[in-house]
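Work through the exercises below with the model open. Try each task before reading its solution.

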There are 2 protein chains.
Amino acid sequence: VQVAEAASERGRAVFLLGLQGIADPAIARFPHAWIKLGEGRRPRKLLAEHGCRELCIIGNLTRPSLGSLSFDWDSLRFAGRLARLFVGGDNRLLSGVARILENEYGLKIVGAQEVAPEILAAAGTFGRHAPAQRDIADIRTGVAVLRALGPFDIGQAVVVADQYVLGVEAAEGTDGLLDRIAELRRIGRVRTAPGVGVLVKVPKPGQDRRLDLPAIGPRTVEMAARAGLAGIAVAAHATVVASPVALVAAADAAKLFVAGVAEDNLPADAPGTHASGARA
Amino acid sequence: VQVAEAASERGRAVFLLGLQGIADPAIARFPHAWIKLGEGRRPRKLLAEHGCRELCIIGNLTRPSLGSLSFDWDSLRFAGRLARLFVGGDNRLLSGVARILENEYGLKIVGAQEVAPEILAAAGTFGRHAPAQRDIADIRTGVAVLRALGPFDIGQAVVVADQYVLGVEAAEGTDGLLDRIAELRRIGRVRTAPGVGVLVKVPKPGQDRRLDLPAIGPRTVEMAARAGLAGIAVAAHATVVASPVALVAAADAAKLFVAGVAEDNLPADAPGTHASGARA
C-alpha cells in the first residue's frame, strides 16, 4: 500500500493484484483484484484490461504446498518449471517466477525502489539514537557473516552482541529470530547485558533487487527492543522502511538506534542524522 | 561419565571435577569433587592432591554472568584475561580458558578422543537406515554452509531440506534449532514433506578439537524425528556419540539415518554399516 501510494503521488496509474489470504486488505483503497496463488489466466486478463506493462512484486513467497495452488490451463504450462524452482532457496523461487512473468506475460519487472524510491532507507541514523563504537564493531561482524552466507540463499539477518553471533535467520524470518533472542535472554542462555547487540539486515549478494528487498517496520523495532538490543542496522538504499514515522517514534521511545549503512563503506563511521530516516 | 568410564577401562586413573549446577550428578560414581565456576585455588589443590597431570574438558561454556563467578585470589589473577575472552565466540572463550589452565596450572589439556576414542562417531551408517541421494545432496549443502560460517565461531549445526537451509544454529544450540524446525513445520512455515531434511553437525574449522567437539545422543535423534527430518549427519572421528546403543535404537525406531561422514570426503558415497555406530 505504501508503494502504491508513493507511485500514485509520482503520477503513475496503479492496479493492485492481491494474493488471497496473504495481501493486506487495505489494497482495496486502490483499483485492485484478488487472485489465488497458481492462477494464470485471470491475472493475465486483469493486467491486460488495466493496461499494465510493468509489474512490481511486493513481499516474499515461501514455498507453497502443491494442494494450495489453484492451477489453470494457462499456469499449468509453467508447472514443470515452477516445480524445479521449488528445490532451492526463496531467492531462486522468486526470481524464477519473475522470469516466467517477464518472458511469458511480456511484463517488465520493476523494483519498488524504482517506482517509489522514498520507501528505502537513507544512509545515516534515523531518530535520536546513534550506534556506539561497540555497535559499529557488531555491525561489521554481522555484515561479514551475512556476506559469507550469501552464496547459500539463507536469511538476510543476524544478531551480533559484543562480537558474538547470537542468531542467524533462516526459515523462521526476522521476527522469529528476534523472538528467539528475547527468549534466550529470558531463560539466561544469552547473558550479554541488555542494550548490547545489533540486528543486522542486508540483501543477499547476487539477489535480484527488483524482488524481495529486506524490510523493517515499527514492529521490527519493538521486537528488537524486547530482545534487549542496542539497535538495528540495515543496508542504505536497499532496505524497505515500512511506516517510517511510526518506526522512528518507536526507536526513540525504546532508545534504540536505527541506522542505514552505505554498502562498500560499511558501516558509515560518522552517520549523518535524518529527521525521518526513510526520506532520502 | 561416558568418557570417565572409557578412560577407566583403558587403565587410567580418573578424578572428576564437576561444575556445580551444570555437571551430571552421576559423576559421583567416580572419585570427584564439586567446584564453582570462577574458583581457582580449590580446583588447583584438588588436582594436585589427586596427582592429575592431564585435564580433559567435557561440555561447553556459555558466557557466564559476572555475578555467577566465584573468584578467589588465585583466579582473580586471570580475571583480566578472562574478561577479554568474554568478547568473542564460545570457541575463543573455551580455548582461552584452556590456555590459562595449561600455562598457569601446568596441566596438559587432552581431548576426549585421546583418552576415550570409542566415544567418537565412526565413518558410515549407524543402525538400519542409510541416507538417500537426496539426503546426500542436503549433507553436502549443510557442510558447505558450516564451512562458510567457520571463521565466525557460530554454531556447528544446520538443517537442510531439499537444498533449502531451514535453520542455522547459533546461541540456541542444536536442541533449540531442532525445536524451531518442528515448530515451523507445525505452523506451516516449513512445508517440505515429513521425512525430508538432514541435521548436519560438524566441528568448526580451526576449532581446538581437544575442546568442545560436537555431540549427539538419543535425544538428538528424538528431536530430529520430531522435526520431521530424514536423518542426522556428523563428522566421523570428530563427534562425540553419547549413549550409542540407545541412539541406534532410537534411530531405528524413528526410521532415521545417522551417518558419520569422513571429512575431506564428505559425504561418503557408499557408507558402510556398523551394528553400533560409536564403536570404531
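**Exercise 1. Count the salt bridges, then place one of them.**

Step 1. Over all chains, a search of the whole structure returns 20 salt bridges. A salt bridge here is a side-chain nitrogen of Lys or Arg within 4 Å of a carboxyl oxygen of Asp or Glu. The model is predicted: local features need pLDDT of at least 70, side-chain atom pairs count only at pLDDT 80 or more, and totals for chains, interfaces and linings use all residues; side-chain values use heavy atoms, with hydrogens and water left out. Residues are numbered from 1 along each chain as its sequence is written, while chains are lettered from A and ligands numbered from 1 in the order in which they are written.

Step 2. Take A:Asp252 and A:Arg128. Their side chains form a salt bridge at 3.9 Å, N to O.

Step 3. Locate both ends. A:Asp252 is in helix H10 of chain A, and A:Arg128 is in the loop between strand S5 (124-126) and helix H7 (133-149) of chain A, so the bridge ties together parts 124 residues apart in sequence. Helices (H or I, at least four residues) and strands (E, at least two) are DSSP runs, numbered from the N terminus.

Step 4. Check burial: buried is under 20% relative accessible area, exposed over 50%, partly exposed in between (1.4 Å probe, protein chains only). A:Asp252 has 15% relative accessibility and counts as buried. A:Arg128 has 65% and counts as exposed.

**Exercise 2. Which residues are linked with A:Glu172 and A:Arg180 in a network of salt bridges?**

Step 1. Start with the pair in chain A. The side chains of A:Arg180 and A:Glu172 meet in a salt bridge of 2.9 Å, N to O.

Step 2. Read off the accessibility. A:Arg180 is buried at 9%. A:Glu172 is buried at 5%.

Step 3. Extend to chain B. The network links A:Glu172, A:Arg180, B:Glu172 and B:Arg180.

**Exercise 3. Describe the salt bridge between B:Glu5 and B:Arg29.**

Step 1. The closest N and O atoms of B:Glu5 and B:Arg29 are 2.2 Å apart.

Step 2. B:Glu5 sits in helix H1 (residues 2-9) of chain B, and B:Arg29 in the loop between strand S1 (16-19) and strand S2 (32-35) of chain B, so the pair ties together parts 24 residues apart in sequence.

Step 3. B:Glu5 is partly exposed at 29% relative accessibility. B:Arg29 is exposed at 56%.

**Exercise 4. Find the largest nonpolar core and follow one of its residues.**

Step 1. A nonpolar core is a set of buried Ala, Val, Leu, Ile, Met, Phe, Trp, Tyr and Cys residues joined through side-chain atoms within 4.5 Å. The largest has 75 residues; A:Val145, A:Ile154, B:Val145 and B:Ile154 have the most contacts inside it. H7(A) gives this core its largest share, 6 residues.

Step 2. Leave aside neighbours within four places in sequence. B:Val145 then contacts (heavy atoms within 4.5 Å) A:Leu149, A:Phe152, A:Ile154, B:Val158 and B:Val165.

Step 3. A second, separate core has 31 residues, including A:Phe126 and A:Ile181.

**Exercise 5. Which residues of helix H9 (residues 218-226) of chain A are buried?**

Step 1. They are A:Pro218, A:Thr220, A:Val221, A:Met223 and A:Ala224.

Step 2. Find their partners. These buried residues pack against several elements of chain A, among them helix H8 (173-186), strand S10 (231-235) and helix H10 (244-254).

Step 3. Look just past the helix. A:Gly228, just after H9(A), takes a positive phi of about 75°.
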